[in-house]
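Q: I'd like a close look at how the strands are put together in this one. Please take it slowly and point out what I should be looking at.

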2 protein chains.
Amino acid sequence: MEVFKRVSEVARFSSEKMKKNGVFETERLFCDVYCFEAGQAQNVHTHEGSDKVYFVLEGRGRFRIGGEQRDLGKDEAALAPSGEPHGVENPGPEQLKLLVVMAPRPGH
Amino acid sequence: MEVFKRVSEVARFSSEKMKKNGVFETERLFCDVYCFEAGQAQNVHTHEGSDKVYFVLEGRGRFRIGGEQRDLGKDEAALAPSGEPHGVENPGPEQLKLLVVMAPRPGH
């Protein structure tokens with residue numbers, strides 16, 4: 001297993017939908033880079049038993065966590081705790097790049 | 001619990017030793033910002049049963065994970081899997097700032 005990675009080297013965008021790119025994956029967690037073109041979204045969803053941390057690398061994202069909505073930019077982070085509905089969209093016009101860690105890794 | 005945070009606002013340095021600053025903490029994980037002045041280190045140590053992800057926000061760090069050593073800068077990440085000895089030092093001259101997620105949260 002490669003334990004050192006340059007995050008920008010694994011970051012890929014897709015014209016079809018937001019793209020998740022794996023950085024690290026273990027039995028306990030995954031670390032991904034999520035890439036959103038303008039207008040793309042990760043729809044609101046919920047994980048029972050797993051927490052997710054988002055960190056904005058580039059661009060600005062519109063985050064919904066539970067009943068809250070916030071636009072976050074570079075240097076800002078969000079926590080989606082187990083059981084809380086959460087989602088992100090990129091209102092544009094720039095691309096949006098997020099570092100995401102989720103634990104424990106979902107079983108599916 | 002505050003689910004949105006500006007990471008640079010919680011990042012603090014200490015002249016005495018590297019400083020860990022909490023960003024998020026749940027039952028399942030913690031997310032911290034580790035701040036190292038030049039010459040400061042997190043000594044090599046091991047966690048059984050928890051994995052740690054490091055992401056370099058600013059500066060350059062000298063990472064040791066298992067038998068490997070690598071200098072990493074901005075945009076680079078490292079994984080310290082459960083049971084692997086790991087540590088970081090800041091060779092300087094700049095400050096070093098790391099985003100760190102560990103899961104599951106150690107019991108101590």
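A: Let's fix the vocabulary first: helices and strands here are DSSP runs, at least four residues for a helix and at least two for a strand, numbered from the N terminus. Also keep in mind that you're looking at a predicted model.

With that settled, chain A has one helix and 10 strands. Follow the sequence along and the pattern reads β-α-β-β-β-β-β-β-β-β-β. The radius of gyration of chain A is 13 Å, close to the 13 Å that the globule rule gives for 108 residues, so chain A is as compact as a globular protein of that length. Its C-alpha trace spans about 35 × 30 × 25 Å along the principal axes, and 43% of the 108 residues in chain A count as buried. If you take the contacts in chain A with a separation of 6 or more, 62% of them come from residues 24 or more positions apart.

Now the sheets. Start with the one made of four strands of chain A: it is open, antiparallel, and ordered 4-9-6-7. Strand 4 (41-45) and strand 7 (68-72) of chain A sit at the edges with a single partner strand each, so one side of each has no neighbour in the sheet. From one strand to the next, the twist averages 20°. Zoom in on strand 6 (residues 61-65) of chain A, and you'll find five bridges tying it to strand 7 of chain A in the antiparallel sense. One residue to click on there is A:Gly61, whose bridge partner in strand 7 of chain A is A:Leu72.

The other sheet takes in both chains. Six strands make up this open, antiparallel sheet, in the order 2(A)-3(A)-10(A)-5(A)-8(A)-1(B). Its edges are strand 2 (19-25) of chain A and strand 1 (4-6) of chain B, each pairing on one side only. On average, neighbouring strands of this sheet are turned by 20° against each other, ignoring direction. At the chain A end of that order, six bridges hold strand 2 of chain A to strand 3 (residues 30-36) of chain A, running antiparallel. Look for A:Glu25 there: its bridge partner in strand 3 of chain A is A:Phe30.

Over in chain B, strand 2 (residues 19-25) and strand 3 (residues 30-36) also pair antiparallel over six bridges, and B:Glu25 stands opposite B:Phe30. These two strands of chain B form a hairpin with four residues between them.

What about the packing? The largest nonpolar core has 62 residues, and A:Val53, B:Val53 and B:Leu98 touch the most other members. Leaving out residues up to four places away in sequence, B:Val53 touches A:Phe24, A:Cys31 and A:Val101 from chain A, and B:Ala77, B:Leu79, B:Val100 and B:Val101 from chain B. As a rule, nonpolar side chains in soluble globular proteins tend to be buried together.

One last stop is a loop residue. B:Glu84 lies between strand 8 (76-80) and strand 9 (86-89) of chain B. B:Glu84 has 19 other C-beta atoms within 10 Å, and being buried takes 20 or more, so B:Glu84 counts as partly exposed. Setting aside residues up to four places away in sequence, B:Glu84 touches B:Thr46, B:Ile65 and B:Gly66. B:Gly61, by contrast, is 18 Å from B:Glu84, C-alpha to C-alpha, and 23 residues away in sequence.

Technical notes
Residues are numbered from 1 along each chain as its sequence is written. Chains are lettered from A and ligands numbered from 1 in the order in which they are written. This is a predicted model: local features need pLDDT of at least 70, side-chain atom pairs count only at pLDDT 80 or more; totals for chains, interfaces and linings use all residues. Two strands pair if DSSP finds at least two bridges between them. Axes are lines fitted to C-alpha atoms, for helices over the stretch in contact, and angles run from 0 to 180 degrees between N-to-C directions. A residue is buried if 20 or more other C-beta atoms lie within 10 Å of its own, exposed if 12 or fewer, and partly exposed in between; C-beta atoms are placed from the backbone. Two residues are in contact if their C-beta atoms, placed from the backbone, lie within 7 Å. A nonpolar core is a set of buried Ala, Val, Leu, Ile, Met, Phe, Trp, Tyr and Cys residues joined through C-beta atoms within 7 Å. The radius of gyration is taken over C-alpha atoms; the globule rule is 2.2 Å times the number of residues to the power 0.38.
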